[in-house]
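Ready to find your way around a new protein? Grab the viewer and work through the exercises at your own pace.

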Amino acid sequence: MSARTRKILVLSLIAALATFSGCGGGGSSSESSSSESGTTPVAALPARTLSWEPPTSYVDATPMNPVTELDQFEIYVNETGTFTDKDVPTASLGAVDPQTRAISSSFNLANLSPHVAAGPKYHVSLRAVALTGLKSDFSPPVSFSF
């Protein structure tokens, strides 16, 4: 294993989960109903934006370029706040926008529906995944609800 590969193995997500923001009251909501299927209207979840700072160095302080060295960010959500290597990500997104080449740094947690619903308190954690497939540690979890 090369020194560079070992560094990627211990990749760390810096300043993960920096902020949450959400929409306040007002505005419109999506509703769907169908008299044919007998379903009742369902309101869309309000926006809850998870934001983070992508890593810029490895654990050993070697600089990294997230645009050229990261593949994706994995998003983990549960109600316990404890995350392990056995957990399956709830969602993942590309680390880099293929058109703009900008690094990803936010995600609307409402897009996790139907995995999340209004009411319960959830916890979320991120992992950065290198192009080699190696993953960072979990970021410190933060909580949210809708």
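Below are three exercises on this predicted model, each with a worked solution.

**Exercise 1. Find out which element has the lowest mean pLDDT and which has the highest.**

Step one: start with the whole protein, which averages a pLDDT of 77, with 71% of the residues scoring at least 70.
Step two: go element by element. Strand 1 (residues 19-22) comes out lowest with a mean of 40, while strand 3 tops the list at 97.
Step three: check the stretch 1-42, where the pLDDT is below 50. Beyond near neighbours in sequence, that stretch still has 84 contacts in the model.

**Exercise 2. Work out the strand order in the open sheet and say which strands stand at the edges.**

Step one: trace the four strands, and you get the order 4-3-6-7, with antiparallel pairing.
Step two: look for strands with a single partner. Those are strand 4 and strand 7 (142-144), so each has one side left without a neighbour in the sheet.
Step three: follow the twist, which averages 30 degrees from one strand to the next.
Step four: zoom in on strands 3 and 6, which pair over eight bridges.

**Exercise 3. Place V77 in the sheet and in the largest nonpolar core.**

Step one: find its bridge partner, which is V124 in strand 6.
Step two: list what V77 touches beyond four places in sequence; among these are F83, L112, V116 and F144.
Step three: turn to the core, which has 24 residues. V77 is among the members touching the most others, along with I75, F107, L109, V116 and F144.
Step four: see which strands feed this core. Strand 3 (70-78), strand 4 (91-94) and strand 6 (122-130) each supply at least two residues.

Note on methods
Residues numbered from 1 in each chain as written. Predicted model: local features only at pLDDT ≥ 70, side-chain atom pairs only at ≥ 80, totals over all residues. Heavy atoms only, no water. Core = buried A, V, L, I, M, F, W, Y, C linked by side-chain atoms within 4.5 Å. Buried < 20%, exposed > 50% of the residue type's maximum accessible area, 1.4 Å probe, protein only. Contact = heavy atoms within 4.5 Å. pLDDT = per-residue confidence, 0-100. Pairing = 2+ DSSP bridges. Axes fitted to C-alpha atoms, helices over the stretch in contact; angles between N-to-C directions.
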